[in-house]
Amino acid sequence: MSLDDLQTRANAATRPLELAVVLPTLNERGNIAPMVERLEQALGPSGWEAVFVDDNSHDGTAEEARRIGQTDPRIRVIQRIGRRGLASAAIEGMCATAAPFVAVMDADHQHDPALLKDMLEAVKSGEYDLAYASRFAVGGNADGLSSKGREKGSRVANALARKLTGTELTDAMSGFFLLRTDQLRKQAENLSGIGFKIMLDILATAEPRLKVKEFPLKFAERLTGESKLDHGVVLDFAAGLIERYLGRWVPVRFALFGVVGGLGVFVHMAVLAAIYWPDEVGFGLAQATATMVAMTFNFWLNNLLTYRDKKLSGAQDMFWGWLKFCGACAAGAFANVAVATLLEQKGLVWWGAALVGVAIASVWNYALSSKFVWGRFRR
Ligand SMILES: Nc1nc2c(ncn2[C@@H]2O[C@H](COP(=O)(O)OP(=O)(O)O)[C@@H](O)[C@H]2O)c(=O)[nH]1
Ligand SMILES: [Mg+2]
């Protein structure tokens with residue numbers, strides 16, 4: 001090897017940090033090492049770092065990334081304890097780098113890191129503010145999408161997203177994008193962190209609008225492990241919209257929690273009406289059964305809707321979650337009855353007392369279950 005070659009190599013090995021690739025992970029252990037290899041192939045020996053943002057996976061994903069990081073300083077890990085959610089993981093990772101450009105991509109190999117270089121060039125040139133990979137652009141494909149319904153959902157959401165961002169996007173739900181880090185930091189406080197559609201949130205809140213460059217993505221099958229998300233792209237999108245426009249006044253989770261609670265009342269009354277036969281099933285038993293059914297229904301629906309980004313799954317997690325949810329509701333019911341009785345005794349009209357009781361119980365249940373069932377103390 002000539003001296004020049006050596007010099008070229010040395011220079012390549014010491015290029016300043018230019019791009020951070022943020023990879024949110026949840027049980028992706030087997031995908032980490034192959035991903036680092038592919039990033040190296042795509043981006044060369046230096047000038048980049050990978051930030052794995054792991055939500056304390058059970059399978060040792062964070063350990064695996066740290067193991068590689070011990071001999072490879074380009075590999076970094078943020079291990080989040082007691083927090084969950086793809087959007088907030090992406091935001092946290094993007095805010096944790098000194099690189100002037102930042103990309104977000106999935107760690108499961110469905111996104112092709114070979115696109116990163118061209119995406120970086122597009123934004124670096126100053127011609128575009130954000131580059132992203134689209135499954136539906138000409139030349140891309142969505143074969144890796146797990147279901148037809150999901151593909152259809154994506155198309156509906158795209159049409160809505162076009163209205164929202166004023167930008168023609170073929171794949172608004174994409175999770176693979178790149179932008180200048182200072183642009184992201186400027187917007188970080190206004191991003192919702194709820195749901196999965198972080199790129200859309202960035203595009204919708206940017207002032208002025210961002211100029212977007214699309215790259216066709218051949219969406220691959222995931223390498224190993226399982227998908228954590230499910231099919232409700234439209235639902236995510238709706239939650240994102242609510243948060244965007246109403247979040248200032250009512251936290252979107254609390255609103256959803258309230259809606260679910262309202263439906264629970266219907267379920268309760270329906271069950272009660274169906275099984276209460278004064279001669280055979282007494283009121284107490286019927287009421288207790290209706291309460292259990294309504295609570296179970298509310299737990300299930302909240303898990304599916306209100307906390308879909310932190311969803312519990314698996315029999316054991318579901319059982320403990322349900323138990324804790326019932327506990328939270330019992331405490332709420334107690335507070336409800338205690339306060340309402342007191343107010344009524346003090347002379348407040350009966351329905352006023354009841355409403356105050358219900359309001360207290362909903363805030364209480366929300367606060368308790370958001371912390372203990374789906375939040376910080378979930379395990
Ligand atoms: N940190 C973090 N990463 C997540 C979470 N949910 C999903 N991910 C990661 O986000 C990426 C996309 O998730 P995936 O389950 O493949 O979704 P799908 O491709 O839409 O089926 C993968 O790298 C996941 O490991 C989460 O709650 N927290
Ligand atoms: Mg995936």
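Helices are DSSP runs of H or I of at least four residues, numbered from the N terminus. In the predicted model described here, Arg253 falls within one such element, helix α10, which comprises residues 252-275. With a relative accessible area of 12%, Arg253 is buried, because burial is assigned under 20%. The side chain of Arg253 extends to the backbone oxygen of Thr306, at a distance of 2.9 Å. This pair qualifies as a polar contact because its separation is within 3.5 Å.

Helix α10 also meets helix α13. The axes of α10 and α13 approach within 11 Å and cross at roughly 120 degrees. The arrangement of α10 relative to α13 is therefore oblique, and the crossing of these two helices is right-handed.

A second packing arrangement of α13 involves helix α12. Helix α12 spans residues 315-345, and its axis lies 8 Å from that of α13, at a packing angle of about 155 degrees. The two helices, α12 and α13, are therefore roughly antiparallel, since angles over 145 degrees are placed in that class. The passage of α12 across α13 is right-handed. Classified by residue type, the contact between α12 and α13 contains 18 nonpolar residues, together with five polar and two charged ones.

Two residues of α13 were examined individually. Ala354 belongs to this helix, which covers residues 350-372. The relative accessibility of Ala354 is 35%, so that this residue is classed as partly exposed. Although 14 residues separate Ala354 from Ala340 in sequence, their C-alpha atoms are 5.5 Å apart in space. Val358 is likewise located in helix α13. Its relative accessibility of 46% makes Val358 partly exposed, because the exposed class begins over 50%. Val358 is separated from Val339 by 19 residues in sequence and by 9.5 Å in space, as calculated between C-alpha atoms.

The metal site was considered next. The magnesium ion (ligand 2) has two protein donors, Asp108 through OD and Gln110 through OE1, at 1.9 to 2.0 Å from the ion. Both Asp108 and Gln110 are buried.

His109 has a positive phi of about 75 degrees, although this residue is not a glycine. His109 is situated in the loop that connects β4 (101-104) with α5 (116-124). The relative accessibility of His109 is 6%, and this residue is therefore buried.

A positive phi also occurs at Asn27, another residue that is not a glycine, with a value of about 55 degrees. Asn27 is placed in the loop between β1 (19-25) and α2 (29-43). At a relative accessibility of 28%, Asn27 is counted as partly exposed, because this value lies between the 20% and 50% limits.

A further backbone feature concerns the peptide bond from Glu207 to Pro208. This bond adopts the cis form, with omega near -10 degrees. Pro208 itself lies in a loop, flanked by α8 (198-205) and β7 (212-216).

Methods:
Residues numbered from 1 in each chain as written. Chains lettered and ligands numbered in written order. Predicted model: local features only at pLDDT ≥ 70, side-chain atom pairs only at ≥ 80, totals over all residues. Heavy atoms only, no water. Donors = N, O, S within 2.8 Å, 3.2 Å for Na, K, Ca; no water. Buried < 20%, exposed > 50% of the residue type's maximum accessible area, 1.4 Å probe, protein only. Axes fitted to C-alpha atoms, helices over the stretch in contact; angles between N-to-C directions. Parallel < 35°, antiparallel > 145°, perpendicular 65-115°, else oblique. Left-handed = near helix turned anticlockwise from the far one by under 90°. Nonpolar A, V, L, I, M, F, W, Y, C, P; charged D, E, K, R; others polar. Polar contact = N/O pair within 3.5 Å; in protein donor to acceptor, adjacent residues only side chain to side chain.
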